[in-house]
Amino acid sequence: MLLPENTNGDEVLTLMYNISSMYYYYHWKNIDPILNIDVDITGVNFGVDKGTLISTFMHNKREYIGRALNVAARLQGSISQNDNAPQYKVLMTNSVYNDFDTNAKNIIKNEYVVEDVRRTLKNVQAEKDFRCKKIILDKE
């Protein structure tokens, strides 16, 4: 998901929460009833970073490349490190979170659980612990 630089922080989390809620609803209504086995972990998660992207065309389609996409993808993939229930969560770089205005941070802290975590991201910062925020979208 690519968002404009000036997107409001609590709007970003609300969007992710809404996507998660829709997935949860449609999964349990339409997918789970037709499965032959129980699936322990279902759901969506997100990795979030910010930065400059380069736009290019490949095979007649617009594509974007850049460090922010790489970091966001690796954050998303690392949510399950030290977490047995990675669904409905966001890993966000500290720089993104710190750029939210005070009002957005207060709304986020009141609506969601926010934790400081560390993750190892392959090929990012010499694979040293990467400090970020984990935001739990499931309000229950």
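Two strands count as paired here if DSSP finds at least two bridges between them. Keep that in mind as we walk through this model, which is a predicted one.

Start with strands β2 (residues 54-58) and β3 (residues 61-65). They run antiparallel and are joined by five bridges, comfortably meeting the cut-off of at least two. If you want to look at one of those links, take Met58, whose bridge partner in β3 is Lys61. The hairpin that β2 and β3 make has two residues between the strands, and His59 takes a positive phi there, near 50°.

Next up is helix α2, covering residues 67-77. Its buried residues are Ala68, Val71, Ala72 and Leu75. Look down the axis of α2 and you'll find these buried residues within an arc of 100°, so they line one face of the helix. What do the buried residues of α2 pack against? Their partners are three strands: β1 (45-48), β4 (89-93) and β6 (129-136).

Now swing over to helix α1, residues 9-31, where Ser20 sits. Ser20 is buried, because its relative accessible area is 3% and the cut-off for buried is under 20%. Setting aside neighbours within four places in sequence, Ser20 is in contact with Val44, Phe46, Tyr88 and Leu137.

Ile19 lies in helix α1 as well. Is Ile19 buried or partly exposed? With a relative accessible area of 30%, Ile19 is partly exposed. On the surface, Ile19 forms a nonpolar patch with Met1, Leu3 and Leu15, and together they have about 330 Å² of accessible area.

Terms used: Residues numbered from 1 in each chain as written. Predicted model: local features only at pLDDT ≥ 70, side-chain atom pairs only at ≥ 80, totals over all residues. Heavy atoms only, no water. Helix = DSSP H or I, 4+ residues; strand = E, 2+ residues; numbered from the N terminus. Buried < 20%, exposed > 50% of the residue type's maximum accessible area, 1.4 Å probe, protein only. Arc of directions from axis to C-beta. Contact = heavy atoms within 4.5 Å. Patch = residues over 30% accessible without salt bridge, like charges linked within 9 Å, V, L, I, M, F, W, Y side chains within 5 Å. Areas by Shrake-Rupley, 256 points an atom, 1.4 Å probe, with all protein chains shown as cover. Salt bridge = Lys/Arg side-chain N within 4 Å of Asp/Glu carboxyl O.
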